[in-house]
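I opened my notebook with two things to look up: how the chains meet, and how one of them is built. Here is what I wrote down along the way.

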Amino acid sequence: MANKAYQKVYTKLDAITKATVTLKAAGVSNDELATVAGRLAQVVKTKGETVTLQVFAGTEGVPTNAEVSFMGNPPVLKVSEQLSGRFFNAYGQPIDDGPEVEGEIREIGGPSVNPYRRKQPSEIIPTGIAGIDLNNTLVSGQKIPFFADPDQPYNKVMAEVALRADVDKIILGGMGLSNDDYLFFRHEFEAAGALDKIVSFVNTTEEPPVERLLIPDMALAAAEYFAVDKNQKVLVLLTDMTLYADALSIVSNRMDQIPSKDSMPGSLYSDLAKIYEKAVQLPDGGSITIIAVTTLNDGDITHAIPDNTGYITEGQLFLRADSDTGKVIIDPFRSLSRLKQLVQGKKTREDHSQVMNASVRLYADAQNAKTKLENGFDLSDYDLRCLEYAKDYARKLLSIDVNITITETLDTAWQLFAKHFSPAETGIKQVFIDKYWPNK
Amino acid sequence: MKTTGKVTGIVSNLVTVQVDGPVAENELCYIDLGTTKLLAEVIKVNGDKASVQVFESTRRLKNGDSVEFIGKMLEATLGPGLLSSVYDGLQNDLTTMTGVFLKRGEYTDPIDRTKLWDFTPIAKPGDKVVAADWLGEVKEGWLPHKIMVPFAFKGSYTVKSVVAAGQYNVDTVIATLINEDGEEVPVTMVQKWPVKVAVKGYKEKPRPQKIMETGVRCIDTFNPIAEGGTGFIPGPFGCGKTVLQHAIAKQGEADVIVMAACGERANEVVEIFAEFPELIDPYTGRHLMERTTIICNTSNMPVAAREASVYTAMTICEYYRAMGLRCLLLADSTSRWAQALREMSNRMEELPGADAFPVDLSAIISNFYSRSGMVVLNNGQTGAVTFIGTVSPAGGNLKEPVTESTKKAARCFYALEQNRADQKRYPSVNPIDSYSKYLEYPEIVKYLDDKICKGWVEMVEKAKTIVRRGKEMNDQINILGDDGVPMSYHEAFWKSELIDFAFLQQDAFDSIDALCPLERQKFMFERILSICDIEFKFDNYEECRGYFKQLINVLRQMNYSEFKSADFEKYNVELSNLLSSYGK
C-alpha cells in the first residue's frame with residue numbers, strides 16, 4: 001500500500017496501546033483507513049485534532065516516530081467473478097499464490113437492506129442431518145449459529161452442511177482458525193470438487209487478533225456481491241464468532257471504554273447484529289444464509305457472547321455429546337430454528353411439526369425418567385419405554401452422523417413411536433395417527 | 001437566526017459540535033456531509049460544545065463539517081394515513097424509499113399528501129374548543145379518524161369556520177379557529193408533536209375498567225391484562241416471546257395496533273409484512289393490516305433511531321386514543337432500547353449504573369410506561385392505550401436492571417420460562433410466577449363477574465392453587481419416588497398437568513387452537529375444573545397417569561376442533577364417557 005504523492009505523512013505518535021495509536025492529524029474522516037509503520041489501521045475516534053487509530057496487526061515494535069498516512073476511504077473489497085475459488089486474508093489480499101482480483105471497489109460494512117424490501121424466507125435447506133432437518137429445519141435467508149464446546153467437531157459438521165446444501169456460493173469467514181482447521185476446510189472443499197463455488201477469507205491463530213474484525217465484513221461484502229448483483233443463493237460460514245467478539249473487547253478495552261457484562265463492550269449486541277442481519281432473502285431471488293459457530297465455555301449459554309447471539313440469530317444448533325449412545329447429537333432442547341414453521345408442513349410433509357413436537361416431548365419424558373433413575377427410584381413401565389425410545393431417538397435421528405432425507409426422517413420417527421408407545425401417548429392429532437401410524 | 005456549528009469530535013455515532021448560539025436539549029440538527037445531510041439529536045451540552053447522537057452511520061464524517069440546528073425536537077407527523085404504514089424509528093415511510101438498501105440521509109414523508117379523504121365536519125362555527133377537541137372526521141379504513149384541534153394549541157379557541165363535507169387532502173385548511181387574542185388560526189388534517197413529550201388533552205385518567213381479550217388462554221383467564229393497562233413479557237431467547245407477541249397483535253381486542261420492532265430481527269418484521277395482509281381481524285372481519293401501524297427499527301439499523309422508535313410508536317397510540325379509540329402498543333424489545341441508551345451513555349463517558357446501564361434507566365422506563373392508560377376525553381368519551389413490552393434479560397436472568405426496572409412499572413408480568421420451552425410447553429408463560437395486578441382491582445373483578453360469570457376470579461384463583469399444589473407434589477414425588485408418596489400426591493400432580501396441557505398450553509400455529517375466545521375459554525375452563533373437583537380413587541400411580549393422559553388427549557383434540565362443531569361434541573361425549581367410566 002504505497003503512499004500517494006500528495007498525502008501528508010505524520011511521524012509523531014502521542015500514545016500507543018497494544019491495539020491503538022493516537023496522534024494529531026487534520027482532515028481525517030470517521031472509519032477512514034490509514035497505515036501506521038506500514039500496518040493497516042482504521043480511525044475509531046477523533047477529538048479535536050487528536051485521532052485514535054485501531055491498528056489491525058497490533059502495535060508490537062511501532063515507534064513513536066512511525067510514519068502514519070491516511071488513505072481517505074473506509075476498508076474496501078474488489079468484487080467480481082474472479083473471487084470464486086480463492087483464499088484471502090483479512091484485508092482481502094490473496095493467500096493462495098493466485099493473482100490479485102480485478103473488479104469493482106466496494107466499501108465493506110455497507111448499509112442495511114430496507115426491511116420492507118426483504119422477502120419472507122421460504123426455501124428449505126436440507127442438510128441430511130435428521131437432528132437439524134426434523135427439529136430445527138433450516139431456511140435460506142436464515143442466520144443460525146452452532147453453539148458448541150471447543151471439543152465438539154463443529155467445523156466438520158459445518159463443512160458437511162455447507163457442501164450438502166444446494167447453494168450457488170459458499171463464503172467462508174475464518175476467524176482465529178487454527179492452521180490445521182484452515183487446511184481441513186481447504187482439503188474438504190477441494191475433495192468435494194466444489195472449489196469454484198467457494199470464496200474464503202481467513203485469519204488464523206498465527207495472525208493478530210484485531211485483524212479478525214475485518215473478516216465478517218469482507219465475507220459479507222463478497223456475499224452481497226453474489227446475492228444482490230448476481231441473484232445467487234449464498235451461504236456464509238463464520239467461525240468462530242466468539243473469537244471475533246474477543247477481538248472487539250480488546251479494542252474497546254484499549255480505548256478505555258466501560259465494559260458491560262463479561263467484560264464485553266456495551267455495544268456487543270449492535271456489533272453482532274450488524275453482521276448477522278446481513279442474512280436476507282432478496283426480492284430478486286438472491287439470498288444470504290449465515291451459519292456461524294459460537295464456541296461456549298463448558299456449555300454456558302448465559303455468557304454475554306452466546307446470549308447476545310441468541311437474541312440476534314434465528315435460533316441455534318446446540319451440539320452435545322450424548323452419554324447414552326456415545327454420539328455427538330443436535331440437542332433437541334437447546335436447539336431451535338425460528339424459521340422452521342415457514343417450511344415445515346409446507347415444503348415438507350404435513351405431519352412434520354406434530355411429529356417433531358411429539359418426538360421432543362417424549363424425549364423430555366425420558367430425561368425425567370433418567371433423573372428418577374439417577375435418584376435411585378423405581379421406574380414405571382412408561383419410564384422404561386421412554387428410556388429405550390431416547391436411545392433409539394439419539395442414535396437414529398439426533399446423531400450428527402445421520403444422513404437421510406426428510407421423509408425418511410419422519411418415517412423413522414413414526415416407527416420409533418410405534419415401537420415404544422401407544423398412539424394416545426404421543427398426543428398427535430388423530431388424523432395424522434390414522435394416516436401415518438405404522439401397521440405392525 | 002439559526003444556530004450553526006462545526007464537528008469537533010467523533011466516536012461512532014456520538015459527535016461533538018462546537019456551536020455559535022443557543023441550543024436546546026433534544027433539539028435536532030443536520031450535519032452536512034456534502035452529498036447528504038445526517039439528522040442528529042442533542043443529548044448533552046457543555047459550554048459551547050454540544051454532544052449529538054447521529055441517527056445514521058457517521059462513516060466519512062470529518063472534523064470541521066458544518067452543522068445546522070433546526071430549533072425543534074424530534075416530532076411525529078400525525079394525520080390520516082398512519083394506519084397500515086411501515087415506518088422506521090424516525091417515522092420515515094419505508095415503503096416509499098427507493099432501492100433495496102437503506103440510503104443514508106434519505107428521509108421520506110410519513111403521510112401521503114395527495115390522497116383525498118372524505119371529510120365530515122363535527123364542530124360548528126361558534127363552538128368553544130381546546131387542544132384535542134374534535135373538529136371533523138374522515139374514514140380511515142373502517143375507523144372514524146377524528147381531525148382534532150392540534151395538541152400543541154394552548155388556551156381556548158372559538159371555531160370561526162369548518163369546511164363543508166367533501167373530499168380534501170391532508171394539507172387543506174379544514175377549519176379556522178380564533179384564539180383568545182382574536183387572531184385567526186388555520187387547522188389542517190396534519191399536526192406535529194414532539195415524541196418524547198406525553199400527549200395530554202384529556203379530562204382524566206381513571207383506573208382501568210375492563211380487560212382486553214387476546215384469545216390466549218393463559219393471559220385472558222389466568223392473568224388478564226386491562227384495557228389501558230401495562231404488561232411485560234421477559235424471557236430468555238427461544239422461549240417464544242415473539243410468537244406470543246404476534247399472537248396478541250393478531251388477536252388483541254383493539255381498534256388500533258402499533259407494533260414497534262425495536263432492535264429486533266428484520267425477518268420477524270417481514271413475517272408481519274407477509275402474514276398480516278392475509279389475516280382477518282377476528283372482531284370486525286376486516287384486514288388486520290388496516291388497523292396496524294408498524295414501526296420498524298431492526299437491530300442493524302442505527303442505534304439512536306432505535307431509542308426514538310418506541311417514542312414515535314407511543315405518540316401515534318396517544319394520537320388515536322384522543323379520538324376515543326382503543327389502542328394496543330407492542331414493543332419488542334424494550335431491552336434493545338435500554339441497550340441503545342447504554343451505548344450512548346458509555347460513549348459520553350458517564351459514570352455507569354448497574355451492568356453499565358445509565359443510572360436513570362429506571363426513571364426512563366417508568367416514565368414511558370406511564371404514558372399508557374385509559375382516559376376520559378373532554379367530550380366524555382373514553383380511549384385507551386394498552387402497552388405490552390417484551391424484555392430480553394441477559395442470560396435469561398431476571399435479576400438484571402431492565403427487568404427489575406420494568407417490573408416496578410408494569411402491572412402484568414408474563415414470565416417466560418426456559419424449562420417450559422425446553423419441554424415444548426407453549427406458550428411458556430410460567431403459571432405460578434406470572435401475575436396480573438388487575439385481578440386485585442374490584443372494578444375488574446366486577447367486570448369479569450358480569451362479562452363471564454359470577455365468581456370467575458375465585459375460580460381462577462382455585463385453578464392457580466391446583467397448579468401450584470401440583471408442582472409441590474411433583475417436587476415431593478421427585479424426592480421421595482413414585483412409591484414413596486401417597487396416591488393423593490399423584491392425583492394432585494396430574495390434576496395440575498391436566499390444567500397445563502389442556503388449558504394453559506395452546507398451539508399458536510394451529511388455525512383453530514391459536515385463537516380461543518372468552519366464551520370458549522369459559523366452557524373449557526369450567527369443564528376442566530369440574531374434573532379437578534372429582535376425587536378419584538386410583539389403585540396405583542400407573543393407572544392414575546394412564547387415565548389422566550387419556551383425559552388430556554381428548555381435551556386436546558377438543559382444542560383442535562372448531563368450537564361446538566360435530567367433532568368437538570364427539571370428543572366432549574367421549575370425555576363424559578371417560579369420566580363416567582370412573583365415577584366417584
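I started with the contact between the chains, to which chain A gives 61 residues and chain B gives 62 residues. I kept in mind that this is a predicted model.

Next I asked which elements of chain A each supply at least two residues of the side that touches chain B. I found one strand, β5 (39–47), along with the helices α6 (268–276), α7 (304–312), α8 (352–374), α9 (381–398) and α11 (423–426).

I then sorted the residues on that side of chain A by character, and they came out as 25 nonpolar, 21 polar and 15 charged.

β5(A) deserved a second look, so I followed its pairing across to chain B. Its partner there is strand β1 (residues 4–11), the two run antiparallel, and 3 bridges join them. I picked out one residue, K47(A), and looked up its bridge partner in β1(B), which is G9(B).

After that I turned to chain B by itself and listed its secondary structure: 14 helices and 27 strands. Is it as compact as a globular protein of that length? I got a radius of gyration of 27 Å for chain B, while the globule rule gives 25 Å for 584 residues; the two values are close, so chain B is as compact as a globular protein of that length.

I also fitted a box along the principal axes, and the C-alpha atoms of chain B fill roughly 90 × 55 × 45 Å.

My last two entries concern packing in chain B. I noted that 53% of its 584 residues count as buried. Among its contacts with a separation of 6 or more, 69% come from residues 24 or more positions apart.

Notes. Residues are numbered from 1 along each chain as its sequence is written. Chains are lettered from A and ligands numbered from 1 in the order in which they are written. This is a predicted model: local features need pLDDT of at least 70, side-chain atom pairs count only at pLDDT 80 or more; totals for chains, interfaces and linings use all residues. Two residues are in contact if their C-beta atoms, placed from the backbone, lie within 7 Å. Helices (H or I, at least four residues) and strands (E, at least two) are DSSP runs, numbered from the N terminus. Ala, Val, Leu, Ile, Met, Phe, Trp, Tyr, Cys and Pro count as nonpolar, Asp, Glu, Lys and Arg as charged, and the others, Gly among them, as polar. Two strands pair if DSSP finds at least two bridges between them. The radius of gyration is taken over C-alpha atoms; the globule rule is 2.2 Å times the number of residues to the power 0.38. A residue is buried if 20 or more other C-beta atoms lie within 10 Å of its own, exposed if 12 or fewer, and partly exposed in between; C-beta atoms are placed from the backbone.
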